[in-house]
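Biologist: I'm new to this one, so could you take a close look at a single part for me, the main sheet, and then walk me outward from there? Keep it chatty, please.

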Amino acid sequence: MRIFIAGHNGMVGSAILRHLSTMGRHELITAGRQQLDLTDPRAVLDFMYARRPDAVVLAAARVGGILANSTYPADFIHDNLMIAANVIHAAHATGVRRLLQLGSSCIYPRDAAQPINEDALLTGPLEPSNEPYAIAKIAAIKLCESYNRQHGTDYRSVMPTNLYGPGDNFHPENAHVLPGLLARFHAAARSGANTVTIWGSGTPRREFLHVDDLAAAAVFVMGLESAAYNAATKPMQSHLNIGWGTDISILDLARMIADITGFEGQIICDRTKPDGTPRKVLDTGRMQRLGWTPKISLQLGLRATYDWFLLQQQAGHALRSS
Ligand code: GDP
């Protein structure tokens, strides 16, 4: 198959590219940002007509943390709506039968019952801080469903839990908790600091999935027979959650990261910083029943991610001193 991976430079797209390249069975099509502006309908259509993929993985998105989401809400809703509409429409226009769209667990209502089942979609108000992004991702699910209903396509969606791994954003302040803490504990261990401060009470619980597990899940879902996907996603052929279905407290995560980075000092909880939602974990029963479960334990995944982070640091250091 000729597979177009939209967004192959991002954390998710690059993991899917690695996974599919290792399989060696498919011809992979990619286009960098300079080559193809996914928010431009004409450009996307022309590209798809020229390259004629058999299948599409839609891993492109404008993403960011809470700060970026609240500073650039127009960019987040506009760019993500355009990318989804352009790629999904162009896929249909050029006869692509199968497409996989990647979303995020922020599509679910803020107060959804935990663990969050796929059916919780559109049952309540969203978390306001990233609502524009979430609305665009919900629209992408509905685009797939609607093209399937009207045009008989086979476009699918998966919603991963919090992801981490190579290619993540390790900014000490702006990053999500896992890469942010890896960077902070690393700096503390190197400088011999006695304390590291984590935000909030340490009691919120989160679920973390290594991006290579997500890549494996994405390829698994792409390869499912239509009947299997449709039966698993009844009644709307909507989407599947991807994750472990289990969570860990932020303090326990911090202790694991302290261990991996060699930090031996004290961990302090800054309770003046927000905890956010107390718990966020996905119900992953549908994927389990289809026969897929993740493989990379948090312990192994953290170590691998830390190794990658260290390599990047060394490369950056070499670059700066050359
Ligand atoms: P969320 O899952 O959308 O709440 O996003 P985050 O990954 O930013 O935060 C998850 C939890 O980790 C929240 O309870 C934060 O208060 C807590 N946390 C603790 N230390 C940090 C940190 O250094 N950075 C971030 N982003 N969150 C932290």
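Modeller: Let's start with strand 1 (residues 2-6) and strand 3 (residues 55-58), which pair in the parallel sense over four bridges. One spot to click on is alanine 6, whose bridge partner in strand 3 is leucine 58. Bear in mind that what you're looking at is a predicted model.

Now zoom out to the whole sheet. Six strands make it up, in the order 2-1-3-4-5-10, and the sheet is open with parallel pairing. At its edges sit strand 2 (27-29) and strand 10 (240-242), each of which pairs on one side only. Going from one strand to the next, the twist averages 20 degrees.

Next, the helices that lie across this sheet. Helix 5 (residues 131-151) lies across strand 4 (98-102) and strand 5 (154-160), and runs at about 155 degrees to strand 5. Helix 7 (residues 211-223) lies across strand 3, strand 4, strand 5 and strand 10, at about 150 degrees to strand 4.

Leucine 58 turns up again when you look for empty space. Searching the whole structure for cavities of 30 Å³ or more gives you one, and the largest cavity has a volume of about 50 Å³. Leu58 is part of its lining, along with Ala60, Ala61, Asn80, Ile83, Ala84, Gln101, Ala136, Lys137 and Ala140. Helix 4 (73-93) and helix 5 each supply at least two residues of that lining. Sorted by class, the lining has seven nonpolar residues, two polar and one charged.

The loops leading in and out of the sheet have some quirks too. For background, most residues other than glycine have a negative phi, and most peptide bonds are trans. Arginine 52 isn't a glycine, yet it has a positive phi of about 50 degrees; you'll find arginine 52 in the loop between helix 2 (41-51) and strand 3. Then there's the peptide bond from glutamine 114 to proline 115, which is cis, with omega near -15 degrees. Proline 115 has its place in the loop between strand 4 and helix 5. Another cis bond goes from lysine 234 to proline 235, with omega near 0 degrees, and proline 235 is in the loop between helix 8 (226-232) and strand 10.

Away from the main sheet, there's also an open sheet of three strands, with the order 11-8-13 and mixed pairing. Its edge strands are strand 11 (248-249) and strand 13 (279-280), each pairing on one side only. Strand 8 (residues 205-206) and strand 13 run parallel and are joined by two bridges. If you want a residue to look for here, try arginine 205: its bridge partner in strand 13 is arginine 279.

Last stop, the aromatic rings. Counting pairs of rings whose centres lie within 6.5 Å, you get six aromatic pairs. One of them is phenylalanine 185 with phenylalanine 263, an edge-to-face pair at 5.4 Å centre to centre and 75 degrees between the planes. Phenylalanine 185 belongs to helix 6 (residues 177-191), while phenylalanine 263 is in the loop between helix 9 (250-261) and strand 12 (266-270), so this pair ties together parts that are 78 residues apart in sequence.

Terms used:
Residues numbered from 1 in each chain as written. Predicted model: local features only at pLDDT ≥ 70, side-chain atom pairs only at ≥ 80, totals over all residues. Heavy atoms only, no water. Pairing = 2+ DSSP bridges. Axes fitted to C-alpha atoms, helices over the stretch in contact; angles between N-to-C directions. Contact = heavy atoms within 4.5 Å. 1 Å grid on protein atoms, 1.4 Å probe; cavity = no way out; pocket = protein on both sides within 12 Å on 5 of 7 lines; lining within 4 Å. Points joined across faces, edges and corners; volume = space filled by probe spheres on them. Nonpolar A, V, L, I, M, F, W, Y, C, P; charged D, E, K, R; others polar. Phe/Tyr/Trp six-rings, centres within 6.5 Å; stacked < 30°, edge-to-face > 60°.
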